[in-house]
Amino acid sequence: MSSNCSEVSLVPFDRNFLERSFLWLNDPEIRFLTDTPAVTREAQEAWFAGLPARDDYAVWGVLAEDEPVGVCGIKHIDDGEGEYFGYIGEKAYWGRGVGRRMMALTEGKARERGLRRLCLTVLHANERALGLYGKCGYHNVRSDEKYTYMSKSVMIPYCSLKEITALHADEIHEAVDRVVDSGWYLQGMENKRFEQEYADYIGTKYCVGVANGLDALIWIIRAYLEMGVMQKGDEVIVPANTYIASILAITENGLTPVLVEPDIETLEIDDRLIEDAITPRTKAVMIVHLYGRCAYTDKIGDICRNHGLKLIEDNAQAHGCRFKSGKRTGSLGDAAGHSFYPGKNLGAFGDGGAVTTDDEELAKVVRTLANYGSSKKYVFDYCGRNSRLDEIQAAILSAKLKHLDEDNELRRQVARYYLEHIDNPAITLPQVPDWNANVFHIFPVLCERRDDLQQYLKDNGVQTLIHYPIPPHKQKCYADWNGWSFPVSERIHREELSLPFSPALTADEIRTVVDLLNRWK
Ligand SMILES: Cc1ncc(COP(=O)(O)O)c(C=O)c1O
């Protein structure tokens with residue numbers, strides 16, 4: 001939650017306000033009385049100025065962000081039912097019906113115009129009217145003797161990268177300028193610095209910057225192939241409900257993924273099922289810290305040690321997360337792949353990734369593979385690829401890394417609010433036994449009528465996502481697996497809904513989401 005989240009810009013309900021108001025509402029249910037003699041600006045002003053303080057009507061000015069979009073009133077209020085009158089720009093209108101309908105019209109229009117928040121400046125509202133606005137999701141921002149100022153988010157994005165960037169914009173601009181001015185754009189000081197800082201942060205000896213998270217995972221397995229630790233045809237155990245990249249990294253290298261169901265309580269790989277999936281060809285377990293939650297368990301560590309398996313972490317979604325020992329994800333196994341895709345907790349301004357490890361040889365081979373297979377200019381040890389992290393991304397990541405813990409703490413505040421306030425038996429919330437072990441990259445809820453819920457939220461201006469609608473074994477790219485059955489994974493893919501989530505969500509937006517969820521039947 002940003003610190004100024006409950007502040008709204010307010011324009012007094014006065015001459016200036018009326019002058020700046022303009023016509024935009026053209027719903028057929030609102031009749032405009034264009035030939036009414038009262039429609040001069042002076043008459044409007046006189047009309048509003050002459051309204052006595054009474055308790056059987058309310059008048060409000062409607063602001064969308066900073067733009068006034070109209071003034072309107074409700075008369076003879078009876079549980080929100082009433083007769084509406086008002087002026088929008090030069091035109092007067094009246095209507096009859098339920099207050100909520102009026103609100104919904106206004107909000108729909110605001111959304112169509114891409115506006116995020118509506119503010120009401122309410123004059124002479126009686127308790128009933130204020131109650132009505134409350135039921136419509138408007139929250140009292142402040143009151144003075146004359147007006148009550150209320151606000152509601154009418155369009156809530158799943159995650160606004162623009163607002164996340166704004167949290168640290170000065171430092172990001174400074175980092176970009178530094179690289180632009182340096183004249184050095186690849187394999188320079190920025191990469192060196194970021195790699196050192198990120199290795200220190202994660203708690204590993206080495207970090208190698210690469211082009212993206214998928215490549216990070218591909219290079220780890222390819223390096224094990226080059227080092228003779230793995231052979232083509234070997235098996236890697238991996239959760240069945242992960243993002244496709246974890247599995248692509250295995251098949252891309254000619255190894256076989258062995259899918260293991262997740263635990264429905266944690267949504268992470270079920271450690272009780274891993275041992276049964278081990279065969280003589282198993283060479284590694286890849287755990288995925290999905291949704292920002294630590295997937296590592298002592299049992300997984302023991303299994304890998306006892307069976308001589310490599311433990312690979314896919315840490316694309318859990319930057320900054322800690323296991324109960326205090327160690328961060330990305331330092332719990334033999335090697336970890338990280339993605340800095342823009343929407344990640346530590347996001348670049350384009351693609352980016354890294355491998356972290358304590359294994360000096362692995363780090364060296366990964367660095368070489370990601371640089372055309374070359375460790376010395378124009379000398380090629382492997383058939384590698386160009387998969388390097390740009391200097392500009394490294395500089396931005398360094399700037400953002402300084403704030404990662406504080407951004408993750410904001411994420412936890414949002415998660416706490418959701419967990420404490422969402423109260424709907426049809427919606428299953430994530431369990432959080434250890435707050436350090438979750439950095440809430442995503443806030444996943446489960447709901448049997450997930451698609452209905454998503455549509456309802458969309459109709460009310462709330463954007464959500466599904467992570468992920470189709471499980472990997474049902475994808476066309478793995479057609480041979482389409483007949484396989486993983487009921488727990490399939491249930492997650494059928495029921496999962498990701499609520500709006502970012503460190504930049506405002507208190508108003510979070511409350512609106514909660515109110516909507518609690519009212520959903
Ligand atoms: C779990 C997981 N693994 C790997 C990746 C791949 O990262 P990238 O998009 O940077 O290639 C992602 C990215 O979305 C991911 O969520």
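# Helices, ligand and sheet

Modeller: Helix H8 (213-226) and helix H9 (244-252) each bring at least two residues to the shell around the ligand. The model is predicted: local features need pLDDT of at least 70, side-chain atom pairs count only at pLDDT 80 or more, and totals for chains, interfaces and linings use all residues. Residues are numbered from 1 along each chain as its sequence is written.

Biologist: What makes H8 a helix and S14 a strand?

Modeller: Both are DSSP runs, numbered from the N terminus: a helix is H or I over at least four residues, a strand is E over at least two.

Biologist: How do you know which residues surround the ligand, and which are the closest?

Modeller: The C-beta atom, placed from the backbone, has to lie within 6 Å of the ligand. That gives 15 residues, and the closest are Gly 213, Leu 214, Ala 245, Ala 316 and Ser 339. By class, the shell has six nonpolar, seven polar and two charged residues. Ala, Val, Leu, Ile, Met, Phe, Trp, Tyr, Cys and Pro count as nonpolar, Asp, Glu, Lys and Arg as charged, and the others, Gly among them, as polar.

Biologist: How do H8 and H9 lie relative to each other?

Modeller: Their axes come within 8 Å and cross at roughly 40 degrees. Axes are lines fitted to C-alpha atoms, for helices over the stretch in contact, and angles run from 0 to 180 degrees between N-to-C directions.

Biologist: Why is that crossing of H8 and H9 given the hand it has?

Modeller: The crossing of H8 and H9 is right-handed, the name used if the near helix is turned clockwise from the far one by less than a right angle, with anticlockwise giving left-handed.

Biologist: What makes up the contact between H8 and H9?

Modeller: Residues are in contact if their C-beta atoms lie within 7 Å. Gly 213, Leu 214, Leu 217, Ile 218 and Ile 221 of H8 meet Ala 245, Ser 246, Leu 248, Ala 249, Ile 250 and Glu 252 of H9. That contact has eight nonpolar, two polar and one charged residues.

Biologist: And what angle do H7 and H12 make?

Modeller: Helix H12 (391-401) packs with H7 at an angle of about 35 degrees, the axes being 8 Å apart. H7 passes H12 in a left-handed crossing. Among the residues in contact are Phe 194 and Tyr 198 of H7, and Leu 397 and Leu 401 of H12. By class, seven are nonpolar, two polar and four charged.

Biologist: Why is S14 called mostly covered?

Modeller: Five of the five residues of strand S14 (335-339) are buried. Buried takes 20 or more other C-beta atoms within 10 Å of the residue's own; exposed is 12 or fewer, and partly exposed is in between. Ala 335, Gly 337 and Ser 339 point one way, Ala 336 and His 338 the other way.

Biologist: What makes S14 a partner of S13 and of S15?

Modeller: Two strands pair if DSSP finds at least two bridges between them. Strand S13 (310-314) is joined to S14 by three bridges and runs parallel to it, with Asp 314 opposite Gly 337. Five bridges link S14 to strand S15 (353-357), and that pair is antiparallel. There, Ser 339 has Gly 353 as its bridge partner.

Biologist: Where does S14 come in the whole sheet?

Modeller: The order is S9-S15-S14-S13-S12-S10-S11, an open sheet of seven strands with mixed pairing. Strand S9 (206-210) and strand S11 (256-260) each have a single partner strand, so one side of each lacks a neighbour in the sheet. The twist averages 20 degrees from one strand to the next.

Biologist: Which strands does H9 lie across?

Modeller: H9 lies across S10, S11, S12 and S13, at about 170 degrees to S10.

Biologist: How do you know whether Gln 187 and Tyr 291 are buried or partly exposed?

Modeller: Count the neighbours. Gln 187 has 15 other C-beta atoms within 10 Å, so it is partly exposed. Tyr 291 has 23 inside 10 Å, so it counts as buried.

Biologist: What makes the backbone of these two worth a look?

Modeller: Most residues other than glycine have a negative phi, and most peptide bonds are trans. Phi of Gln 187 is near 50 degrees, a positive value, and Tyr 291 has a positive phi of about 70 degrees. Tyr 291 lies in the loop between strand S12 (282-288) and helix H10 (298-307). As for peptide bonds, the one from His 467 to Tyr 468 is cis, with omega near 15 degrees.

How values were computed: Two residues are in contact if their C-beta atoms, placed from the backbone, lie within 7 Å.
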